[in-house]
Amino acid sequence: MHGGARGAPAQRAAEAAAIATGQRARVVATLIRDFGDWGLAEDCLQDAVERALRTWPRDGIPRSPAAWLTTVARRRAIDLLRRRSVERAKLAGADWLDGEEVVEVPAIEDERLRLIFTCCHPAMSLEAQVALTLRFVAGLTTAQIASAFLVSEPTMSQRLLRAKQRIATAGIPYRVPDESDLAERLDSVLGVVYLVFNAGYSAADDELAEEAIRLGRTIATLLPREAEPYGLLALMLFQHGRRGARFDADGLPVPFEEQDSARWDRAAQAEADDGVRHGIRLATRPGRYLLEAMIAGCFAVTRADVIDWSEVVALHDALAEIHPSPIGALNRAIAIGMRDGTDAGLRSLDDVPGLDGYYLVPAARADLLRRAGRAAEAAPLYAEAAALAPTDGERRFLERRATAP
Amino acid sequence: MEPVKYMMFVVTDSNKDTEPDESDVDLWVDDLDARGKRLIGEVLQPPAAATVVRVRDGQRLLTDGPFTESKEWICGFDILEVEDLDEAIEIAARHPMARNGQIELRPFMVWDEA
């Protein structure tokens, strides 16, 4: 084995942990394929990882960490199954049962793809899909997932258990969907990842947001001919890239054009730009996430007066054609206001359907009026928006605007 | 892989699709029969024709009408034999009642060989 006993013990332990963590999804996916039992796969993976953390710092990192973990986990699984006396029903193929040698994990990455598509199968509730994806693909602990979604650990534990049971009882197959279903199923998967990202983004939970970004990168890598994963990845990176500038010292949101672009994460934005370029090359017609990423990209400029509002409106028009939504219509109306002036914007806002009681509608109106110097008309709308605001920081920001628009 | 059996309940739904599906269900039936995906299936008479049987304290109790009070009722069934749930979903989605009503897919219980 290489990677011998150089370096301080803590460093070796950290290295071992990082490498083992990086292989978790691949290994658990292989185990699920082999044994068809998610709970068993989970437990045996955990055992193998614990063994790795004990032995790798001492003996060195194996040449193929994934194969090492898989072999150890498989042996444990066989051991457990023998004790449960259900060998015939569960074991998929016995060739490697007797061999003691380390088996190479197949180079094809579709083991993780199977895992991802199955975790996000639409025959399960969205809650279940999110929980399974974070547990099995991202490798978060039940406690971490519970905390991210503001439920107790026992509640999340139950949710995961029911989800695993549902896979077995409903007969959800462990496979990558057929070509004909791929676009729709991929949309499900991306929806789960974006949901996780938004949970992180709205709670300013950088770790959760970064977990979603990692998932997005994995999916884009595993499906290199698909454009939408790059679109979603770029969208998340554009949004995440601004996290340093979004809030001021008092926790109030900073309006976009007042954000200090020096606090933007340049690496994230560069990767986002790459993602958009990649997506455009791959897409015959841009999908929802790619369009949203391109819109976000229009705002990734250092001076607000350089924003190409015509481009923003055009992209919103394209988005509305394939993925109409009230929020999309709202954002489009704002862009029209910026491109064509206050009255055009207000008229477009009138046409936005179904957002009664949503704070950003009066806020958008107020903002257009404020920019036109119509402070007296803006003030009561800011107050209305403040009353409807979902967070303390936003409420305080809007109240401040209401008193001094 | 072993094929799996699903019970497919064809059920009414007061919230239908915006456009009714007027296709001929016999086309759906014939296609599946030809491919060996459908083992058997029938249309059922409406709930008014139902009889519910219970035995309580040694007494046989019969009620007319279905066991459930709900607005929705089972109007037919099919037994499917397919690769997996995805195939069952794909088949169910093509039945006219997927748009004019709803379809419930319930896998048969599988008993582990000891």
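I will start with the inside of this predicted model. The largest nonpolar core has 117 residues, and the members that touch the most others are Trp38(A), Leu115(A), Leu132(A) and Met236(A). Helix α9(A) gives this core its largest share, eleven residues. A second core lies apart from that one; it has 23 residues, including Val361(A), Leu368(A), Ala378(A) and Ala386(A). As background, nonpolar side chains in soluble globular proteins tend to be buried together.

Take Trp38(A) as a way into the larger core. Which residues does Trp38(A) touch, once those up to four places away in sequence are set aside? The list is Ile32(A), Leu115(A), Thr118(A), Cys119(A), Leu132(A), Phe136(A), Lys164(A), Ile167(A) and Tyr174(A). Two of those names, Leu115(A) and Leu132(A), came up a moment ago among the core members that touch the most others.

Next, charged side chains. Over all chains, the structure holds 43 salt bridges. I will show three pairs and one network.

The first pair is Glu42(A) with Arg135(A), where the closest N and O atoms are 2.6 Å apart. Glu42(A) sits in helix α2, residues 38–59 of chain A, and Arg135(A) in helix α6, residues 126–137 of chain A, so this salt bridge ties together parts that are 93 residues apart in sequence. Are these two residues buried or exposed? Both Glu42(A) and Arg135(A) are buried.

The second pair is Asp274(A) with Arg277(A), at 2.8 Å between the closest N and O atoms. Here both partners lie in helix α12, residues 266–282 of chain A, and they are three residues apart, about one turn of the helix. Asp274(A) has a relative accessible area of 42%, so it is partly exposed. Arg277(A) is partly exposed as well, at 47%.

The third pair is in chain B: the side chains of Arg94(B) and Glu90(B) meet in a salt bridge of 3.2 Å, N to O. Arg94(B) counts as partly exposed because its relative accessibility is 37%. For Glu90(B) the value is 38%, and that residue also counts as partly exposed.

The network is in chain A. Its salt bridges link Arg33(A), Asp34(A), Arg74(A), Glu111(A) and Arg114(A).

Now a charged residue without such a partner. Glu228(A) belongs to helix α11, residues 228–241 of chain A. Glu228(A) is buried but has no salt bridge. How far away is the nearest side chain of opposite charge? That side chain is Arg288(A), and the distance is 6.2 Å. A salt bridge needs a nitrogen and an oxygen within 4 Å, so 6.2 Å does not qualify. Leaving aside neighbours within four places in sequence, Glu228(A) is in contact with Leu190(A), Gly287(A), Arg288(A), Tyr289(A) and Leu290(A).

One polar side chain fits in here too. Thr70(A) is part of helix α3, residues 65–84 of chain A. Its relative accessibility is 2%, so Thr70(A) counts as buried. A polar atom of the Thr70(A) side chain lies 2.6 Å from the backbone oxygen of Ala66(A).

Two loop residues deserve a look for their backbone angles. Most residues other than glycine have a negative phi. Leu150(A) has a positive phi, near 55°. Leu150(A) lies in the loop between α7 (142–148) and α8 (153–170) of chain A, and at 78% relative accessibility it counts as exposed. Ala204(A) also has a positive phi, near 50°. The place of Ala204(A) is the loop between α9 (179–202) and α10 (206–222) of chain A. With 48% relative accessibility, Ala204(A) counts as partly exposed.

Now chain B as a whole. How many helices and strands does chain B have? There are three helices and six strands, and along the sequence they run β-α-β-β-β-β-α-α-β. The C-alpha trace of chain B spans about 50 × 45 × 20 Å along its principal axes. Of the 114 residues in chain B, 32% are buried. Among its contacts between residues at least 6 apart in sequence, 78% join residues at least 24 apart.

Last, confidence. Chain B has a mean pLDDT of 92, with 96% of its residues at 70 or more. Among the elements of chain B, strand β5, residues 74–82, has the highest mean pLDDT, 97, and strand β4, residues 59–64, the lowest, 90. For the complex, the predictor gives an ipTM of 0.79 and a pTM of 0.83. Where pLDDT is low, the predicted coordinates should not be read in detail.

Notes. Residues are numbered from 1 along each chain as its sequence is written. Chains are lettered from A and ligands numbered from 1 in the order in which they are written. This is a predicted model: local features need pLDDT of at least 70, side-chain atom pairs count only at pLDDT 80 or more; totals for chains, interfaces and linings use all residues. Side-chain values use heavy atoms; hydrogens and water are left out. pLDDT is the predictor's confidence in each residue, from 0 to 100. Helices (H or I, at least four residues) and strands (E, at least two) are DSSP runs, numbered from the N terminus. Buried means under 20% relative accessible area, exposed over 50%, partly exposed in between (1.4 Å probe, protein chains only). Lys and Arg count as positive and Asp and Glu as negative; His and the chain ends are not counted. Contact means heavy atoms within 4.5 Å. A polar contact is a pair of N or O atoms within 3.5 Å; within protein, one must be able to donate a hydrogen and the other to accept it, and residues adjacent in sequence count only if both atoms are side-chain atoms. A nonpolar core is a set of buried Ala, Val, Leu, Ile, Met, Phe, Trp, Tyr and Cys residues joined through side-chain atoms within 4.5 Å.
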